[in-house]
Amino acid sequence: MAEKFHTELKNLKTETLEMAHFGRSMLRSAVDALIRQDAVLAESVVAQKDQIHLMEVRLEEHCYQLIALNQPMAKDMRVIACTLKVITASLRIGQYGKVIANIVKEISDKPHIANLMSIPHMADLVIDMVDDAIGAYESDNLRLIRDFSSRDDTIDALRHSIFREGITYMMEDPKNISRCTHYIMVARYLERCADHACKIAENVQYMETGERVEIH
């Protein structure tokens, strides 16, 4: 019975990693579509929203079945608890990718202002955090997430910088208001994705050590 349970737990983790990479891919593709003003790529991201939702429903159900049928304890229970958090965070990251993709469809008809300001750089840093959070969950390697607090501070500072720069361009020319508002919202969505990466990291830390930490 224990061997069967641990095989199922391993399979659950593998499928959860697939979902995490899927959500990450939606975000990466949405940002690429924004940078390149590629409305076709953006539409392909939006079309994936149902697929990631189905993944969430199926994997959550799998988690609840493992709990109900096996009544896991200690580390095994922490793995399932962490997995549930990874599922939720992956869904949110994918959903933010979808929202950014919808913005691309609205603003792909005119050139970018100031080369998108710092958004491409911010997006790279956020996606690196998502990658490291997923990697820590996969490999149990806490070194990947030990500097998340300072990395999250950098993301917050970039969002504030983009906000201030966007306001400046709005004041210079009212025609920039709509586009800069979208840029500011994209920066906010990227910040939220970094927050979800931090939540994954917090839960991986708990899964591995049994200690709860808050990354802020």
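## Helices and overall form

Seven helices and zero strands make up the secondary structure listed for the protein chain, so reading along the sequence gives the pattern α-α-α-α-α-α-α. The radius of gyration is 19 Å, close to the 17 Å from the globule rule for 216 residues, so the chain is as compact as a globular protein of that length. Please keep in mind that this is a predicted model.

Along its principal axes, the C-alpha trace spans about 65 × 35 × 20 Å.

## Inside and outside

Of the 216 residues in the protein chain, 47% count as buried. The chain exposes about 10,800 Å², with carbon and sulfur atoms supplying 51% of that area.

Among contacts with a separation of 6 or more, 81% link residues 24 or more positions apart.

## A look at Y137

A good residue to visit is Y137, found in helix α5, which covers residues 119-139. Is Y137 buried or exposed? Its relative accessibility is 1%, so Y137 counts as buried.

Leaving aside residues up to four places away in sequence, Y137 touches K13, T16, L17, C82, T83, V86, V204 and M207. With one of these, T83, the side chain of Y137 also forms a polar contact of 2.7 Å. K98 is 39 residues from Y137 in sequence, and their C-alpha atoms are 24 Å apart in space.

## Around the ring of Y206

Now turn to Y206, where R212 lies over the ring face at 3.9 Å from the ring centre. R78 also lies over the face of Y206, at 6.0 Å from the ring centre.

As for aromatic pairs, a search of the whole structure finds one.

How values were computed
Residues are numbered from 1 along each chain as its sequence is written. This is a predicted model: local features need pLDDT of at least 70, side-chain atom pairs count only at pLDDT 80 or more; totals for chains, interfaces and linings use all residues. Side-chain values use heavy atoms; hydrogens and water are left out. Helices (H or I, at least four residues) and strands (E, at least two) are DSSP runs, numbered from the N terminus. Buried means under 20% relative accessible area, exposed over 50%, partly exposed in between (1.4 Å probe, protein chains only). Contact means heavy atoms within 4.5 Å. A polar contact is a pair of N or O atoms within 3.5 Å; within protein, one must be able to donate a hydrogen and the other to accept it, and residues adjacent in sequence count only if both atoms are side-chain atoms. Rings of Phe, Tyr and Trp (its six-membered ring) pair if their centres lie within 6.5 Å; planes under 30 degrees apart count as stacked, over 60 as edge-to-face and the rest as tilted. A charge sits over a ring if NZ of Lys or CZ of Arg is within 6 Å of the ring centre and within 35 degrees of the ring normal. The radius of gyration is taken over C-alpha atoms; the globule rule is 2.2 Å times the number of residues to the power 0.38. Accessible areas come from the Shrake-Rupley method with a 1.4 Å probe; for residues, only the protein chains shown count as cover.
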